[in-house]
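Here are my notes on the model you asked me to look over. I went through it element by element, so keep the viewer open while you read.

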Amino acid sequence: MIPQLVAVRHRRTNGRWLRLYIPVLPVLLVLSPVLVLAVLAGLVACVLTRISPVGALRGTGQLLCALPGTRIEVQQGRTALLISVH
Amino acid sequence: MNEQRRQILQMLSEGKITADEAERLIDAVEREQPESPPGAAPRPKPRPKYLRVVVSSPDNFGGDGPGQVNVRVPLQLLRAGVRLTSLIPPQALSQVNVELNKSGVPIDLTQLKPQHIEELIEQLDDVTVDVDQPEARVQVFCE
């Protein structure tokens, strides 16, 4: 299952939180024209560097599917950045 | 990890409690865990799903206050990344080997097969690294 939601929370020096909840699927749909071009460019790069395009696509898919559950938190004093993938 | 421990870590990450308080609470939670009855078959240890890296520095670097880094990465993500490395063409690996040799690290990466790295990740389950220093504490473990 690809990630459904990416939550980004940022605490600024004044103590206020900025929360961003990014729904992955709608964003992917909006960016799909750019993504198609990026995938094509990636496939061409694979052919040029003699990397199996099928293997690269499969590997990228596995990487995406393994992302849910990732959580990164960095805090320094009053500032903080929290990123979690659901 | 049980729910109580997760809540404690959550409170710690939100700054509601200090690292010392969190440690005391986790100790208390561990003491409350019921012992298994004698003679009962030991339950199989659940397989860890995540690799955790926790860095906390109580020192007030640059006047910003204490810092903390808390990273949780699914082990599945490591496996997927390892599978991607198997796509690296042999020419690139030989170039890397040459550079590693130049740097004094005589490792032949072409001998490193994907299944070896898979086995390495499988054994990560039991790895725990604790580095305690006055200015920082680093913990690497699987949960």
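**Notes on the two-chain model**

1. Let's begin with a helix pair. In chain B, the axes of helix 3 and helix 5 (residues 114-123) come within 10 Å of each other, and they cross at roughly 165 degrees. An angle over 145 degrees counts as roughly antiparallel, so helix 3 of chain B is roughly antiparallel to helix 5 of chain B. The crossing of these two helices of chain B is right-handed. Bear in mind throughout that this is a predicted model.

2. Which residues make that helix-helix contact in chain B? From helix 3 of chain B come Leu75(B), Leu78(B), Arg79(B), Val82(B) and Arg83(B), and they meet Pro114(B), Ile117(B), Glu118(B) and Ile121(B) of helix 5 of chain B. Sorted by class, the residues of this contact are 6 nonpolar and 3 charged, with no polar ones.

3. Next, the sheet. There is one open sheet of 8 strands to trace, in the order 2(A)-1(A)-4(A)-3(A)-2(B)-1(B)-4(B)-3(B), and the pairing is antiparallel. Its edges are strand 2 (17-23) of chain A and strand 3 (128-132) of chain B, each of which pairs on one side only. From one strand to the next, the twist averages 5 degrees. Helix 3 of chain B packs on this sheet, where it touches strand 1 (50-57), strand 2 and strand 4 of chain B. The direction of helix 3 of chain B makes about 65 degrees with that of strand 2 of chain B.

4. Where do the two chains join up within the sheet? Strand 3 (residues 71-76) of chain A pairs with strand 2 of chain B, antiparallel, over 6 bridges. If you want a spot to zoom in on, try Val74(A), which stands opposite Val69(B) of strand 2 of chain B.

5. The wider contact between the chains takes 21 residues from chain A and 21 residues from chain B. On the chain B side, strand 2 (67-74) and helix 3 (75-85) each supply at least two of the residues that touch chain A. Strand 2 of chain B gives the most, with 8 residues. By class, that side of chain B splits into 11 nonpolar, 7 polar and 3 charged residues.

6. Now the far end of the sheet, in chain B. Strand 3 of chain B and strand 4 (residues 137-142) of chain B run antiparallel and are joined by 5 bridges. A hairpin connects these two strands of chain B through 4 residues. What stands opposite Asp132(B) in strand 4 of chain B? That would be Arg137(B). Strand 4 of chain B also pairs with strand 1 of chain B, again in the antiparallel sense, over 6 bridges. On that side, Arg137(B) is the bridge partner of Ser56(B).

7. One residue worth a click is Ser94(B), which sits in helix 4 (residues 90-102) of chain B. Is Ser94(B) buried or exposed, or something in between? Ser94(B) has 13 C-beta neighbours inside 10 Å, so it counts as partly exposed; the exposed class takes 12 or fewer, and the buried class 20 or more. Along the chain, Ser94(B) and Asp108(B) are 14 residues apart, and their C-alpha atoms are separated by 8.1 Å.

8. Finally, the chain inventories. Chain B has 5 helices and 4 strands, and from the N terminus on they run α-α-β-β-α-α-α-β-β. Chain A has 3 helices and 4 strands, in the pattern β-β-α-α-α-β-β along its sequence. As for burial, 7% of the 143 residues of chain B count as buried, and 8% of the 86 residues of chain A do. Take the contacts between residues at least 6 apart in sequence: in chain B, 51% of them join residues at least 24 apart, and in chain A the figure is 40%.

Definitions and conventions:
Residues numbered from 1 in each chain as written. Chains lettered and ligands numbered in written order. Predicted model: local features only at pLDDT ≥ 70, side-chain atom pairs only at ≥ 80, totals over all residues. Contact = placed C-beta atoms within 7 Å. Nonpolar A, V, L, I, M, F, W, Y, C, P; charged D, E, K, R; others polar. Pairing = 2+ DSSP bridges. Axes fitted to C-alpha atoms, helices over the stretch in contact; angles between N-to-C directions. Parallel < 35°, antiparallel > 145°, perpendicular 65-115°, else oblique. Left-handed = near helix turned anticlockwise from the far one by under 90°.
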